Amino acid sequence: MGKLWIVGAGPGAADLITVRGRELIARADAILYAGSLVSTEHLTFAPPGCEIADSSGMTLEEMLQWLGERIRRMEIVVRLQTGDPSLYGALTELTTPLRQQGVVIEVIPGVSSAFAAAATAIESLTLPEVTQTVILTRTEGRTPMPEGEQLRHLAAHGATLCIFLSATLLGKVTQELYQAGWSEDQPVLVVHKASWPGEEKIIRGRLADIAQQCKEARIGSQAMIITGPALEASQRMDNPVSRLYAPEFSHQFRKSGPSSP
Ligand code: SAH
């Protein structure tokens, strides 16, 4: 019996997969990839004879069958999915039945779209003394949110929010943020297809106009919404600086020196 490797493909650009992920693709006997969000460019690195299928039209049952059948007769079977497999990737649904059948599984992490979106926009999600917390979440669509995790509750913390799966629900997102007391001029960043060559779009707005702006830019799914008090900090001059690099701050790798005047 072979092994199942669940590989995070990264946010889109084919060279934003990990080296380990790329090497597994290059050795794979079979690859089941999430065609809706994974670039087919990754598949050009698969060896000749590798069996490849797109899971976007499959049910969970069909995916389990496809994988299970190949794991029984092949050595390296790869499930290639978008971003990092631990976020909204149905990892538990996929791995539980296979592990019960004795299948050995290893997960290779990937660059999440939350981080690709922040990178593209040159934004830091944390800022000293402003927010030290990032909440990765989504808004309620067809999938209900567990009690206490509605956006208005999470937003009450005043931390950075990276909101997945919600680009078509921006009206609802803004309403919830207003309910949490956020102001109309709170900056909001929306990145569509972060890192996808030629397809990436960056929309910057305020709570008051971001929904309209995205509508005008025809942003559909595949977009990351980021908002919070750290956003657009580079445009403010009075940001607190990280203690880590302060001259008087000693740590394991640097002894403190005299403070500069
Ligand atoms: N595991 C993935 C998330 C899968 S859920 C990850 O770690 O990124 C799918 C959602 O992720 C989309 O609705 C969108 O909100 C976001 N997403 C995925 N790829 C994206 C990209 N390249 N740019 C912006 N958002 C993306």
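A pocket, as the term is used here, is an open set of grid points with protein on both sides within 12 Å along at least five of seven lines. In this predicted model, the space that the ligand takes up is the largest pocket.

**Stop 1: the two domains.** Select residues 3–108 and then residues 113–234, which the domain assignment of the protein chain gives as domain 1 and domain 2 respectively. The centres of these domains, taken over C-alpha atoms, are 28 Å apart. Next, display the contacts between the domains: 10 residues of domain 1 are in contact with 12 residues of domain 2.

**Stop 2: the shell around the ligand.** Select the ligand together with the 18 residues around it. Domain 1 (3–108) and domain 2 (113–234) each supply at least three residues to this shell. Colour the shell by residue class, and 11 nonpolar, five polar and two charged residues appear. Then label the residues that come nearest to the ligand, namely Pro-11, Leu-87, Ser-113, Ala-194 and Ala-223.

**Stop 3: backbone contacts to ligand nitrogen.** Which backbone atoms of Pro-11 should be inspected beside a nitrogen atom of the ligand? Show the backbone N and O atoms of Pro-11, one of which lies 2.8 Å from a ligand nitrogen atom. Move next to Leu-87, where a polar backbone atom is 2.7 Å from a nitrogen atom of the ligand. Finally, select Ala-194, which has a polar backbone atom 2.8 Å from a nitrogen atom of the ligand. To close this stop, display the surface of the ligand: on its own the ligand has 540 Å² of accessible area, and the protein covers 96% of that area.

Technical notes
Residues numbered from 1 in each chain as written. Predicted model: local features only at pLDDT ≥ 70, side-chain atom pairs only at ≥ 80, totals over all residues. Heavy atoms only, no water. Near = heavy atom within 4 Å. Polar contact = N/O pair within 3.5 Å; in protein donor to acceptor, adjacent residues only side chain to side chain. Areas by Shrake-Rupley, 256 points an atom, 1.4 Å probe, with all protein chains shown as cover. 1 Å grid on protein atoms, 1.4 Å probe; cavity = no way out; pocket = protein on both sides within 12 Å on 5 of 7 lines; lining within 4 Å. Sits in = over half its atoms within 2 Å of the grid points. Nonpolar A, V, L, I, M, F, W, Y, C, P; charged D, E, K, R; others polar. Domains from an automatic or database assignment. Contact = heavy atoms within 4.5 Å.
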